[in-house]
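This report is meant for a reader who is meeting the structure for the first time. It takes up a few local features in turn, each under its own short heading.

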Amino acid sequence: MTPDETSSNRVLVVDDDVQLIGEYLRCLGEDFEPANATTTLSDLEKVLFGDETNERGAARFEVHSRNRGEAAVAAVEESVKAGKPYSIVFLDIRMPPGIDGIEAARRIRALDPNINVVIVTGSLSPEPENLGKEIPPADRIFFFKKPFHAVECRQLAAALCGKWHADLALRHANDVLEQRVWERTEALHKLAYYDPVTGLPNRLRLTDEFDRIIHEGDGAARDSLLVLLDIERFSFLNETMGYDSGTELLKAIGRRLLRTFDERSSGTGLTISRFGADEFACLIPGIKDNTELQELVERIKTTVEEPFLINGRDLFLKAAIGAAWYPTHGQNAKTVFRCAEAALHRSMRRPDSGITYYHNEMQSTARHRFELETELRQAIENDEIITYFQPQLCLKTGRLAGAEALARWQRPDGTILPPAEFIPLSEEMGISDVLFEAILQRVCDSVRRWRDESGWDIPVSVNLSAHQLRNHDLVGLIQTILEQNKVDRRLINLELTETDLLEDLAIARPVLQDLSRFGVGLHIDDFGTGYSSLSYLAELPVQTLKIDQSFIERLTESKTNERVVQAIVALGKAMQLQVIAEGIETEQQLLLVNEFGCDLAQGFFLGRPMAEPDFLAWCDAVAESTSKHAVLPFVAGREK
Ligand code: C2E
Ligand code: MG
Ligand code: MG
């Protein structure tokens, strides 16, 4: 009920004395003129009622009368039903032979909690305080002493009607407030538990639901499968397709996953959730056996990898998948989730982004990793990270054209760890910048020494990872190190894999431009495995493409493979880029890439990555042997 709906001042007067009823009607009537007219009364009424007063400022009351308690109760009941409740009921205390005013008040109160009840009595019994307790609330029950003065009666009616309206407005405001609080709570609940983009439950909601079905232990939780999936290169897609299409894609993935489990979904606790930017989770309770488990995981992968039609284009996704299940991998949602996450990360590191089922061995891997992390921090401080150098030869001249610096971790026990074992770790630990700095320092120190000691200017390529592109002062850092070591910037090239480059082109583009302006060379590593669109190549200031090793490895297997490499070389040439073939392991491969027009070659066949002293010895030997035998047999008239 809003204040507008009940704006009139409805008053019920109840007395078995017909004369008194007449008196009420007179003093509450619109034409009532007090004997000694003062302005006070109409002023009061004007303040209280505004519009509800007549032109003289007198309040308009709608007065109804009854002469029996029972009739009064019936009138109140009717008024409440009709949505036109009374503001006040004046109740005579004694109305024989029917119920008395107190009983009538009690029944009226039960029907209408807001009405102001005025007990009209010649004596003051029962005690006013007791009455408040007997017929609460105490602020809505009043005594009015008979005989009363007409003005007194009108004043009381005006004041109580005013109070009734004020109470109503307050209740209404409270209702509105309550509704708002409820709506906000609901919205907060949604925010806390649901992903705003897809409307799917988030990680918190998923684990809550998982714990609920585990604790309810109704058997449904037996063998609950948790599958986590990560959409590969989503941020790249998001950027190239536009943010709206990215959002559309996420929604479509959510809808498709839900549809996949349509037949199991009702009331089983099955939950599809989005728990990261491009990460989804499927919680599937009630798995019967291993076969079903595998079938479900594979179904999820195929579901997501079927093309999505976004903006009229077919979009093919790849999903890395990690799976773990209750109770085998943990007794609560959090533990199972952690296991599934470990499995997911394992899949994400695999080149085929396949499916990984969690197994307990991963726990010992995790322990091993923790130890490695601690050691890696110390290794950087103790200069245990060194660089090997692998020669790159110019196919036209047969001369050494440069070298690639490849990081190695030389541990105190003499073992040498390859980069795959610590570079990704350094990235996850957030210390890859420190590592890059240490490596570049070493490289620059070597380059300077080669020049000072032997007069050799050998260009060196240093590998960069996507993490370094996020370092806001990458150019500043490189500049400082080069200047400290007095190394010519033209002797340093930076290699970035195509996949890293495309991971976030918006970030990469300006950094590459700054680096190019600074004067270092930029090479795209492992070219050919990334995104199929090549338009990005034309707009980036790169000088060199390094054909991915996998193409070279398969080169001699078929004519088609040859044509692929030929096409990559032709593409590089068309864009006026230098092309390097890496991973050359046989003479046949070398001859072919030379025939196709590659500029440089790198590989075990020509020279393995070597520790600095071995590399320098290799360079010496090459320089010495140039007159005796050719390093590259097919190079005629090779320059010295
Ligand atoms: P990449 O930059 O493509 O380096 C070439 C990798 O191929 C090297 O492996 C090298 O040893 C290997 N390789 C060279 N010739 C042949 C060959 O004929 N056959 C075969 N099968 N392999 C060959 P490595 O040193 O294990 O490095 C692996 C990757 O680790 C590198 O691939 C690079 O992406 C990364 N990496 C190495 N050093 C660094 C570094 O300092 N920073 C960063 N961010 N990444 C690095
Ligand atoms: Mg490289
Ligand atoms: Mg490479």
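## Thr356 and its surroundings

Is Thr356 buried or exposed? The model, which is a predicted one, gives Thr356 a relative accessible area of 6%, and because buried means under 20%, Thr356 counts as buried. In the chain, Thr356 belongs to strand 12, which covers residues 355-357.

The side chain of Thr356 makes a polar contact of 2.5 Å with the side chain of Ser347. When neighbours within four places in sequence are left aside, the residues in contact with Thr356 are Ile321, Gly322, Ala323, Ala343, Arg346, Ser347, Arg350 and Met362, so that Ser347 appears both in this list and as the partner in the polar contact.

## Aromatic rings

A pair of aromatic rings is described by the distance of the centres and the angle of the planes. Across the whole structure, a search finds 11 aromatic pairs. In one of them, formed by Trp325 and Tyr357, the ring centres are 6.2 Å apart and the planes stand at 70 degrees, so the pair is edge-to-face. Trp325 lies in strand 11 (residues 319-326) and Tyr357 in strand 12, so this pair ties together parts that are 32 residues apart in sequence. Of these two residues, Trp325 counts as buried, at 15% relative accessibility, whereas Tyr357 is partly exposed, with a relative accessible area of 23%.

Elsewhere, ring pairs link Tyr24, Phe90, Phe144 and Phe148 into a cluster. Rings also take part in arrangements with arginine: Arg411 lies over the face of Trp409, at 5.2 Å from the ring centre, while Arg608 lies over the face of Phe604, at 3.9 Å from the ring centre.

## The magnesium ion (ligand 2)

Which residues are the protein donors of the magnesium ion (ligand 2)? They are Glu404 (OE), Asn463 (OD1), Glu495 (OE) and Asp525 (OD), and they lie 2.0 to 2.3 Å from the ion. Along the sequence, these donor residues are spaced E-x58-N-x31-E-x29-D. Distant parts of the chain are linked here, since Asn463 is in strand 16 (residues 460-464) and Glu495 is in strand 17 (residues 492-497), 32 residues apart.

The accessibility of these two donors can be set side by side: Asn463 is partly exposed, with a relative accessible area of 30%, whereas Glu495 counts as buried, at 1% relative accessibility.

## The magnesium ion (ligand 3) and the bridge

The magnesium ion (ligand 3) is coordinated by Asp525 (OD), Asp526 (OD) and Glu582 (OE), at 2.0 to 2.3 Å, and its donors follow the spacing D-D-x55-E along the chain. Asp525 bridges this ion and the magnesium ion (ligand 2), the two ions lying 4.1 Å apart.

How do the neighbouring donors differ in what the numbers say about burial? Asp525 counts as buried, at 5% relative accessibility, whereas Asp526, at 23% relative accessibility, counts as partly exposed.

## Cysteines

How many disulfides does the structure hold? The structure holds 0 disulfides. Among the cysteines, Cys161 counts as buried at 0% relative accessibility, and Cys598 is buried as well, with a relative accessible area of 5%.

Notes
Residues numbered from 1 in each chain as written. Chains lettered and ligands numbered in written order. Predicted model: local features only at pLDDT ≥ 70, side-chain atom pairs only at ≥ 80, totals over all residues. Heavy atoms only, no water. Donors = N, O, S within 2.8 Å, 3.2 Å for Na, K, Ca; no water. Buried < 20%, exposed > 50% of the residue type's maximum accessible area, 1.4 Å probe, protein only. Helix = DSSP H or I, 4+ residues; strand = E, 2+ residues; numbered from the N terminus. Polar contact = N/O pair within 3.5 Å; in protein donor to acceptor, adjacent residues only side chain to side chain. Contact = heavy atoms within 4.5 Å. Phe/Tyr/Trp six-rings, centres within 6.5 Å; stacked < 30°, edge-to-face > 60°. Lys NZ or Arg CZ within 6 Å of the ring centre and 35° of its normal. Disulfide = S-S within 2.5 Å.
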